[in-house]
Amino acid sequence: MLETIPGPETNYHSYQVHAMIERRLNRNIVVSEPLRIYKRFSVEESLNWMSALNSIDKQWDNVAQYSISIPDVNIPFGATFPMKLRFAPLSKGIKLHALTIDVIEQHEVKISAPAAYSAQFNVHFLSSKREHIIFNERHNLDDCIAPESEEPDLEWCITKTISLPQDLAACTQDVSSKMMTIKHQVAFTVELLGVGKGLSMIKGTIPFNIYMSPHVISEHGTVRRVHIDGFHDDYVPPPPLYSKHQNDLLLPMGECPLNTKTLRLHCEQSLDNIFFNSAALDCAPSYETVIQNQPLIANYTQTTYS
């Protein structure tokens, strides 16, 4: 069964429930109410979306390095989510002029051509492609720059909120079938000054998936607003400078200090009582050096059960 597929200025697939009361002497009473049926979103059916990238990291020649990201590629219907932009100019004199964010909905419909049309023009399918902008915002320099450092020309970090329409007739979910394909993408345009004469632009798109969820649509057909607050940062801090390194504590020290030729380890001593002297571990010896110079001595006790 196909799911309900409404859209901007069209209604591809819909359901209605009809009820009729038959009367002998008067006209029958017929009542109809719309019924919405949606496919439940599942990870197994959307592996192609789950593997998509939710960020763009690129460098435009020697002009600027930029990164654009959204929290996830799977967004519930009618949700709000942030979009983060990091911009670092690589040349002096480059200024950020404006930022434009669009959410574009792409429709592609393919149907079988009528027999007469197919015989006359030798065309078996009729297709139509349309685009709708369901969200648009433009931010000037004054309301979009939030410098992370004291020098604003080094890097800009901008975070803006995208609000998807809550009207079921103004937007539709992603659909992929033989006859119909509906996709969404976030399009951004960064306007720069100082690159050359006039205005320069950096453009790009991030595809994402809008899906229906039982937590989104209420009993009366209204859409609840879902807020996606932040990002899942996978940031790993860089290693410290060599002058600020920490000594390796993996090799325990016994009562005698470690030298480069011998390693004495008392096997009968409990590991809990072994102390660690990090100052003496200037450089941990290799595994081969430890084994060749001083083999470990251990006592084994064999027990025989009859």
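Two strands count as paired here if DSSP finds at least two bridges between them. Keep that in mind as you click around, and remember that this is a predicted model.

**Stop 1: the sheet**

Select strand S8, residues 80-89, together with S11. Eight bridges join the two, and they run antiparallel. For a close-up of that pairing, pick arginine 86: opposite it, in S11, stands cysteine 157.

Now widen the selection to S5, S6, S8 and S11. These four strands form an open sheet in just that order, with antiparallel pairing. Which strands sit at the edges? They are S5 (55-60) and S11 (156-163), each of which pairs on one side only. Look at how the strands lie against each other: neighbours in this sheet are turned by 15° on average, ignoring direction.

**Stop 2: a residue in S6**

Stay with the sheet and select isoleucine 68, which belongs to strand S6 (residues 64-69). Buried or exposed? Its relative accessible area is 0%, so isoleucine 68 is buried. Show what surrounds it. Beyond its neighbours within four places in sequence, isoleucine 68 is in contact with Asn54, Ser55, Ile56, Met83, Lys84, Leu85, Phe188 and Ile206. Try a distance on one of these: from the C-alpha of isoleucine 68 to that of asparagine 54 is 8.5 Å, with their positions 14 residues apart in sequence.

**Stop 3: aromatic rings**

There are two aromatic pairs to find in this model. For one of them, select phenylalanine 87 and tryptophan 156: the ring centres are 5.1 Å apart and the planes meet at 15°, so the pair is stacked. Phenylalanine 87 is in strand S8 and tryptophan 156 in strand S11, so to speak a link between distant parts of the chain, 69 residues apart. Both phenylalanine 87 and tryptophan 156 are buried.

While you have rings on display, jump to phenylalanine 125. What sits over its ring? The charged end of lysine 110 does, 4.6 Å from the ring centre.

**Stop 4: a residue in S14**

Next, go to serine 200 in strand S14 (residues 199-211). Serine 200 has a relative accessibility of 14%; since buried means under 20%, it counts as buried. Which residues does serine 200 touch, leaving aside those within four places in sequence? The contacts are Trp60, Val190, Glu191, Leu192 and Val195. You can also draw a line from serine 200 to leucine 96: they are 104 residues apart in sequence, yet their C-alpha atoms are 9.9 Å apart in space.

**Stop 5: two loop residues with positive phi**

Finish in the loops. Select aspartate 61, in the loop between S5 and S6. Its phi is near 45°, a positive value in a residue that isn't glycine. Aspartate 61 has a relative accessible area of 56%, which means that it is exposed.

Then move on to asparagine 122, in the loop between helix H2 (115-121) and strand S10 (125-140). Here too phi is positive, at about 55°, although asparagine 122 is not a glycine. With a relative accessible area of 60%, asparagine 122 is exposed.

Definitions and conventions
Residues are numbered from 1 along each chain as its sequence is written. This is a predicted model: local features need pLDDT of at least 70, side-chain atom pairs count only at pLDDT 80 or more; totals for chains, interfaces and linings use all residues. Side-chain values use heavy atoms; hydrogens and water are left out. Axes are lines fitted to C-alpha atoms, for helices over the stretch in contact, and angles run from 0 to 180 degrees between N-to-C directions. Buried means under 20% relative accessible area, exposed over 50%, partly exposed in between (1.4 Å probe, protein chains only). Contact means heavy atoms within 4.5 Å. Rings of Phe, Tyr and Trp (its six-membered ring) pair if their centres lie within 6.5 Å; planes under 30 degrees apart count as stacked, over 60 as edge-to-face and the rest as tilted. A charge sits over a ring if NZ of Lys or CZ of Arg is within 6 Å of the ring centre and within 35 degrees of the ring normal.
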